[in-house]
Amino acid sequence: MSFTIVNTDLLRGDNFIDGQWRASENGATFPVINPATASVYATVADSDAEDAKAAVDSASKAFEIWKHFPAKQRASILKRWNDLIMEHANDLGKIISSEQGKPLHEGVGEVAYAASYVEWFAEEATRANGEVIPAPVAGRRMMALKEPIGVVAAITPWNFPAAMIARKIAPALAAGCTVVCKPAAETPLTSLALVRLAELAGVPPGVLNIVVTSKSKPVADVWLEDPRVRKITFTGSTPVGKHLARESASTLKKLSLELGGNAPFIVFDDADLDAAVDGLMVAKFRNGGQTCVCPNRIYIQAGVYEEFIRLLTDRVAALVVGPASNPESQIGPMINTKAIDKIQSHVRDAVERGARVTTGGELVRVAGSNGNTFFAPTVLADVDHESDCFRDETFGPVAPIAKFDTEAEVLEWANASAYGLAAYFYTNDIRRVARVSEGLESGIVGINEGALAAEAAPFGGVKDSGYGREGSVHGLEEYMHIKYTCQGGL
Ligand code: SIN
């Protein structure tokens, strides 16, 4: 049930600080678990406050040098990093699948997705143009210059261990910032491999530092309190995002927070039903439903309700559940048994409130797995609006559905959530497209489309889903501030 990594140099367990691979100061380590088998995949450094501080010392020193690198030189280092990532896509995909669990084709696909951000920001690095402002009085030259913000702390999640780190580090380095980074304890190996490739690509010592730990708090506390850290970029839960916002207030750091979602997915009577089912399959079941942009509340208009459920149930029942090592697998394990507990509790609660399970609804036994982490892809029909699965992210392969009658009603339901990351709707009515896309309180809207993220697009939410954008030209601005200069006496 395990993969052979061709280039074992990518398998790193130590921190990378000031251009050196180092054990944690306290010498401690912790195991990384393969969620498919519940066995130990690797052992990595278990760092503490001292390592976190050493990383900031190094990044702060390196900032004075890196910020003066010509943009073109930063861009060519990033381009080399992109090339190396793509060259090692198979090994990186295997590492992702081993520690995170997703099917191998998704692991390798994530590597290409991650690399696309590196390539994009390599190109954007050379286009961080400022402005010459027409002066309102004679004898002055007024300009707005873009400058790197300083040391950036990047805190990344386990669900996309390559893509989430790439879309934070690449714009930071492109802008001229230096980085201290903490990957999720569940999936540090992918980040360490990416950092090794960044080192080989020529990222200078101190510019990119990574600190691995099983206990986030001591590391995050150092970064929150240190005034040299000027920006925190975080993807993860809303409670942790709010904590970071509160605790970084005393040093007024700039923040990008990509937090939880509770995406509505709406299908109107006039939609192309086959396209809507295709879109839902992609949006809901990618990474086994462990994405922040997953549809979590599916609303189907009354005229196509039963037909949609029938089409969807057939497709979901055919999904193959299994470990990444099986090339047929489409749904891998959940990250751990705690995730399974939440999924089971959401399904139980929905059923107690009257939902029908049209397929799935239970654990799946997979030969060779000791993990109890596989859950059958599930469709729940007639879900009550008060159900836990409609109010809280399930983060699993469960598609909960309710019926609606009118556009006004469904828009009200869609917006009746504290979250606002992604929303999807399917219709062939051109006027409705404008009305609904403008009416949805969401940072990202899919119109007749289920796959939304791309390096050229601004990814991010509103309300409790956070603020800041990743990807696109706006992704670079997150790592820069604007300096206004006014030259007089001309
Ligand atoms: C996420 O789940 O946070 C990211 C999903 C994506 O990039 O599509």
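In this predicted model, the structure contains 29 salt bridges, and a few of them serve here as a path through the chain.

A first pair to look at is Lys 215 with Asp 46, whose closest N and O atoms lie 3.3 Å apart. This salt bridge links distant parts of the chain, since Lys 215 sits in the loop between strand S9 (208-210) and helix H7 (216-225), while Asp 46 sits in the loop between strand S4 (39-45) and helix H1 (49-66), 169 residues away. The two partners can also be described by their accessibility: Lys 215 has a relative accessible area of 30% and is partly exposed, whereas Asp 46, with a relative accessibility of 8%, is buried, because buried means under 20% relative accessible area.

Helix H1 and the end of helix H7 lead on to another pair. Arg 228 and Asp 57 form a salt bridge through their side chains, with an N to O distance of 2.9 Å. Because Arg 228 lies in the loop between H7 and strand S10 (229-235) and Asp 57 belongs to helix H1, this pair ties together parts of the chain that are 171 residues apart in sequence. Arg 228 is partly exposed at a relative accessible area of 31%, and Asp 57 is likewise partly exposed, with a relative accessibility of 31%.

What separates the partners of a salt bridge that lies within one helix, as with Glu 307 and Arg 310 in helix H10? The closest N and O atoms of Glu 307 and Arg 310 are 3.1 Å apart, and because the two residues are three places apart in helix H10 (residues 305-317), about one helical turn separates them. Glu 307 is partly exposed, at 35% relative accessibility, and Arg 310 is partly exposed as well, at 43%. Salt bridges can also share partners, and in this way Asp 9, Arg 12, Arg 196 and Glu 199 are joined into one network.

Away from the charged pairs, Thr 156 offers a view of a residue in a loop, here the one between strand S7 (151-155) and helix H5 (163-175). Is Thr 156 buried or exposed? With a relative accessibility of 5%, Thr 156 counts as buried, and its surroundings can be named: leaving aside residues up to four places away in sequence, Thr 156 touches Met 164, Ile 165, Lys 168, Lys 182, Pro 183, Ala 184 and Thr 235.

Definitions and conventions: Residues are numbered from 1 along each chain as its sequence is written. This is a predicted model: local features need pLDDT of at least 70, side-chain atom pairs count only at pLDDT 80 or more; totals for chains, interfaces and linings use all residues. Side-chain values use heavy atoms; hydrogens and water are left out. A salt bridge is a side-chain nitrogen of Lys or Arg within 4 Å of a carboxyl oxygen of Asp or Glu. Helices (H or I, at least four residues) and strands (E, at least two) are DSSP runs, numbered from the N terminus. Buried means under 20% relative accessible area, exposed over 50%, partly exposed in between (1.4 Å probe, protein chains only). Contact means heavy atoms within 4.5 Å.
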